[in-house]
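Student: Please take a close look at one part of this model, the open sheet and a residue inside it. I would like one connected account.

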Amino acid sequence: MSENTDDIVDIFTDGACSGNPGPGGWGAILRSQGREKELCGGVPDTTNNRMELTAVIEALKTLKRPVRARVHTDSQYVQKGISEWIHAWKRRGWLTAGKQPVKNADLWRLLDAEAARHRIEWLWVRGHAGHAENERADALAQRGIDNLRGA
């Protein structure tokens with residue numbers, strides 16, 4: 001695989017929830033070689049963390065072949081979870097250090113499987129701080145909620 005930066009897919013994701021739990025939405029922007037694709041969706045009863053995870057999973061599922069990617073997320077839960085915490089969770093059989101079941105283990109397993117197909121750099125960005133693509137991903141997540149409501 002070429003190390004040319006043109007071959008990198010930048011993925012910007014966000015999740016949102018109206019109430020937590022409550023109706024939720026997720027949004028993602030994929031950018032590569034000057035092209036962009038926007039994705040969004042919603043779930044009637046969910047949590048913010050589940051929507052943050054779903055945004056990344058759905059974005060990675062759209063990739064047709066293994067790629068180098070940079071995932072930009074404002075969720076430290078996602079960024080730290082996939083790059084740090086998941087290794088210990090898997091060693092402990094999906095239990096936390098306190099011997100409790102890992103929350104959202106179903107989605108963590110899906111994310112782990114999708115991420116394994118690619119070479120991914122996980123980047124945290126500050127949310128609601130004027131980061132253009134993060135703001136767009138947030139708007140897509142809100143659209144996912146609005147679509148549930150028929151707005």
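Tutor: Eight bridges join strand E1 (residues 8-17) to strand E2 (residues 22-32), and the two run antiparallel. Strands here are DSSP runs of E with at least two residues, helices are runs of H or I with at least four residues, and both are numbered from the N terminus. Two strands count as paired if DSSP finds at least two bridges between them. The model is predicted, so local features need pLDDT of at least 70 and side-chain atom pairs count only at pLDDT 80 or more, while totals for chains, interfaces and linings use all residues. Residues are numbered from 1 along each chain as its sequence is written, and side-chain values use heavy atoms, with hydrogens and water left out.

Within the E1-E2 pair, alanine 16 stands opposite glycine 25 in E2. Both strands belong to an open sheet of five strands, ordered E3-E2-E1-E4-E5 with mixed pairing. Its edge strands, E3 (35-46) and E5 (119-124), each pair on one side only. Helix H4 (residues 132-149) packs on the sheet and touches E1, E2 and E3; contact means heavy atoms within 4.5 Å. The direction of H4 makes about 140 degrees with that of E2, where axes are lines fitted to C-alpha atoms, for helices over the stretch in contact, and angles run from 0 to 180 degrees between N-to-C directions.

Glycine 24 also lies in strand E2. Glycine 24 is buried, with a relative accessible area of 0%; buried means under 20%, exposed over 50% and partly exposed in between, with a 1.4 Å probe and protein chains only. Not counting residues up to four places away in sequence, glycine 24 touches Ala16, Cys17, Gly41, Gly42, Val43, Thr46, Met51, Ile145 and Leu148.
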